[in-house]
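Me: I should like to learn how to read the features of a protein model. Could we work through one together, step by step?

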Amino acid sequence: MTTPRTASWSMLPAGAAQPRSCVLVIGAGMAGLVAARLLHDSGLDVIVLEARRRVGGRVCPDTSLGVALDLGGSWVHGSDDNPLSEWCAALGVELMVTTGDRRLIVDGAIMSYAQMQRRAWRGRMAFDAALRCAEQRARRLAARGQPRAVSLADAAGPVLRAPWLPAFDRRVVAQTVSMGEGVQGAPADRLAIEEWFPNDGFKVNAMPHDGFASLLDDAARDLDIRLGAPVRRLRWSASKVVAETPQGEVVADRCVVTVPVGLLRDGAMAIEPPAPADQRAAVARIGYGDGVLGKIYLRFERRFWPPDVDRFQSLPPSPEGRGVFNAWLSLERETGAPILLSFANGHAAVRFERECDDAQVRDAAMTVLRRLFADVPDPVGVCFTRWLADPWAAGSYSYPAVGSLPEDRAVYSRPLADRVFFAGEATEASDYGTVHAALRSGERAAEAVFRCAIGAAPDRAARPWRFRG
C-alpha cells in the first residue's frame, strides 16, 4: 500500500533566499524527474519536455496483462544498499527479493546450479583461464592508454568452439556468456572484457511491489511536464538555452539533458553550438543500441511449474543457440498471477526485435518452455519488449563497449559552460544501466544547477533517500 507523500525535496539551506531561475529538463525518465523534482522544490521554475505521451522513459509501467509490470527497468539492484530502497520505504512500497536457489532443467533432469558447475568442471576451468588471459591483455593495453580492444567473444569463442570439450561443458559456458550478454544488454562481441559481468549480478536484487509507478508518480507530482514535445534542437549561449519543439520554442536559463546517449550520438537531438570534440567522441564510444535485453512476460490460466521452484533455467541446445529464453522467473509471488518472465540476450535478442513479429517470439519462448515441462498450456496473455524499435530509446541501456575508454562517461557528463548539464544512466561511472544510476545522475545534475543558480551548496536532508556521496 503506497502512502501519499507531501514532503518537499528542497535543497535550499536554512535561511537561504529563494533563487530566481528557470530550468529546462529534457526527458521525463527517472533522471529527468528526479532532477526536476529537486529543482522545483528548491524554488526554481522548471519545465520538463518529454517526447512520449507518458513519463518514465525507459522505466515503463504496464498493466496490459492485468497486473503491474515494468517493461523497462524492473529491479532495485543491490537492494540492501540502494537509494531506491529507501525511497520505496518512504512511500510504503514493499520490495520483493527475487534472489534464490536456481534449479536447472537439463535434458529432462532437474539439477542445482552447483551440480551443473561440478559436472562441467573442464569447461568452467577453460573459461576461467580464457578470461584471465583476456583480462591480462586488456590491462596491458590500458597501461598504454589504448581503448578497450578485447571483447567477451574474444575470450569465450575458442572455448565455445573447443572440440576437446564435452558438449555439455560448452553449453554451460554458453549459458554463462549469455548471462553476461543479458545483464549488460549487448552481444559478446561488443562487450569489453574489463566489465563483461557487472557486480549487480552478484547482489541482492528486488522488485518494488506494483513496479516503479509509485516512485515516478512521487517525483512527477505538481511538475510542469509537457508531453508529446520532442526536442529536435537545443541552442545555448552564455545567457540562455532555447529548445525547439513542434509546439514552438521554450527558453530557459539552464537545461538538463537526460535523453538516452544513443539519441545524442545519432543526432536525434542536435546541440548548437556542439559540445567539444572530445566530449562528442566520448559519447560516440559509449556502448548503446548495438544490443538489447529482450523481456517477455507470459500469463497463464494456471501455474504448471513446480510449486517450490520460482527460478529455473534451461541450458541452450548449443553455444550458437544461446540467448533464446533460457532463464525463467516466476512472478506469481510478486504479482499474485501465474506469470513467467524470460529474457532474450545477445544477437538472438536483436534478431527477435528486428526480424520477428510477436507471434514468432511467443512461439520461440513456448518451444523452450515445452522442452522443460510436459504439460504447458497456451498463454492467455503475452508482452514482449521492443526497445530498439522505440524511437525515443533506440536501445535498452548503455554498456561497456569495445573501443571505449574508462573516462568516457565522466567526459560525457561534463556541463557546457554551466548552461547545459547532462544526466541519465550512461553518465554514471558505476552501476550504469540501472535505475539507481539514473536517479543519482539526476541528483548530481540538479545539485550542479542549484549551485550555479544560488551560489551555495545544496542541503541534502529533505530527500526520500539517504545521500551516499
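Reply: Certainly. We begin with a helix in this predicted model. In helix α5, which covers residues 152-160, the buried residues are L152, A155, A156, G157, V159 and L160.

Me: Against which elements do the buried residues of α5 pack?

Reply: It helps to recall the general idea of a helix. An α-helix has 3.6 residues a turn, so residues three or four places apart point the same way. In this structure, the buried residues of α5 pack against α4 (121-143) and α6 (167-184). The start of α5 also has a feature to inspect: a side-chain oxygen of S151 comes to within 3.3 Å of the backbone nitrogen of A153.

Me: At what angle do helix α2 and helix α14 pack?

Reply: The general idea is to compare the directions of the two axes. Helix α2 (residues 83-91) packs with helix α14 (residues 435-454) at an angle of about 85°, and their axes are 9 Å apart. Angles of 65 to 115 degrees count as roughly perpendicular, so α2 is roughly perpendicular to α14. On the α2 side, P83, L84 and W87 make the contact, and on the α14 side V435, H436, L439 and R440 do so. Sorted by class, the contact of α2 with α14 has five nonpolar, one polar and one charged residues.

Me: Which residues does the UniProt annotation "binding site" cover together with A51?

Reply: An annotation comes from a record, and the structure then shows where its residues lie. The unreviewed UniProt entry gives "binding site" for E50, A51 and V231. They span 182 residues in sequence, yet no two of their C-alpha atoms are more than 8.1 Å apart, so they gather at one spot.

Me: Where are A51 and V231 found?

Reply: Both positions are in loops. A51 is in the loop between β2 (45-49) and β3 (61-62), while V231 is in the loop between β9 (224-226) and β10 (233-236). Apart from neighbours within four places in sequence, A51 is in contact with G228, A229, P230 and W392. With residues up to four places away in sequence not counted, V231 touches I26, L49, A243, E244, T245, A268 and M269.

Me: Is V231 buried or exposed?

Reply: The general idea is to compare the relative accessible area with a cut-off: under 20% is buried and over 50% is exposed. V231 has a relative accessible area of 9%, so V231 is buried.

Me: Which other residue does UniProt list for "binding site"?

Reply: The unreviewed UniProt entry lists F343 under "binding site". F343 is in strand β18 (residues 339-344). Its relative accessibility is 15%, and F343 therefore counts as buried. Among the residues that F343 touches are W75, L293, K295, F325 and N326, leaving out residues up to four places away in sequence.

Me: How is a polar side chain read when the residue is buried, as with Q279?

Reply: One looks for the polar atoms beside the side chain. Q279 is in helix α9 (residues 277-285) and counts as buried because its relative accessibility is 2%. A polar atom of the Q279 side chain lies 3.4 Å from the backbone oxygen of V411. Beyond neighbours within four places in sequence, Q279 is in contact with V411, Y412, R414, L416 and F422.

Me: What joins the side chains of T427 and R444?

Reply: A polar contact of 2.6 Å joins these two side chains. T427 is in the loop between β20 (420-422) and α14. With a relative accessible area of 4%, T427 is buried. Apart from neighbours within four places in sequence, the contacts of T427 include R409, Y412, S413 and S441.

Me: Which features of the backbone should I examine?

Reply: Two kinds of backbone angle deserve attention, omega and phi. A cis peptide bond joins E272 and P273, with omega about -5°, and P273 is in the loop between β14 (270-272) and α9. For phi, D222 has a positive value near 65° in a residue other than glycine. D222 lies in the loop between α7 (213-220) and β9 and counts as exposed at 66% relative accessibility. D431 also has a positive phi, near 60°. D431 is in the loop between β20 and α14 and counts as partly exposed at 22% relative accessibility.

Terms used:
Residues are numbered from 1 along each chain as its sequence is written. This is a predicted model: local features need pLDDT of at least 70, side-chain atom pairs count only at pLDDT 80 or more; totals for chains, interfaces and linings use all residues. Side-chain values use heavy atoms; hydrogens and water are left out. UniProt positions are given in the numbering used here, feature names are shortened, and annotations may be inferred rather than shown by experiment. Helices (H or I, at least four residues) and strands (E, at least two) are DSSP runs, numbered from the N terminus. Contact means heavy atoms within 4.5 Å. Buried means under 20% relative accessible area, exposed over 50%, partly exposed in between (1.4 Å probe, protein chains only). A polar contact is a pair of N or O atoms within 3.5 Å; within protein, one must be able to donate a hydrogen and the other to accept it, and residues adjacent in sequence count only if both atoms are side-chain atoms. Axes are lines fitted to C-alpha atoms, for helices over the stretch in contact, and angles run from 0 to 180 degrees between N-to-C directions. Angles under 35 degrees count as roughly parallel, over 145 as roughly antiparallel, 65 to 115 as roughly perpendicular and the rest as oblique. Ala, Val, Leu, Ile, Met, Phe, Trp, Tyr, Cys and Pro count as nonpolar, Asp, Glu, Lys and Arg as charged, and the others, Gly among them, as polar.
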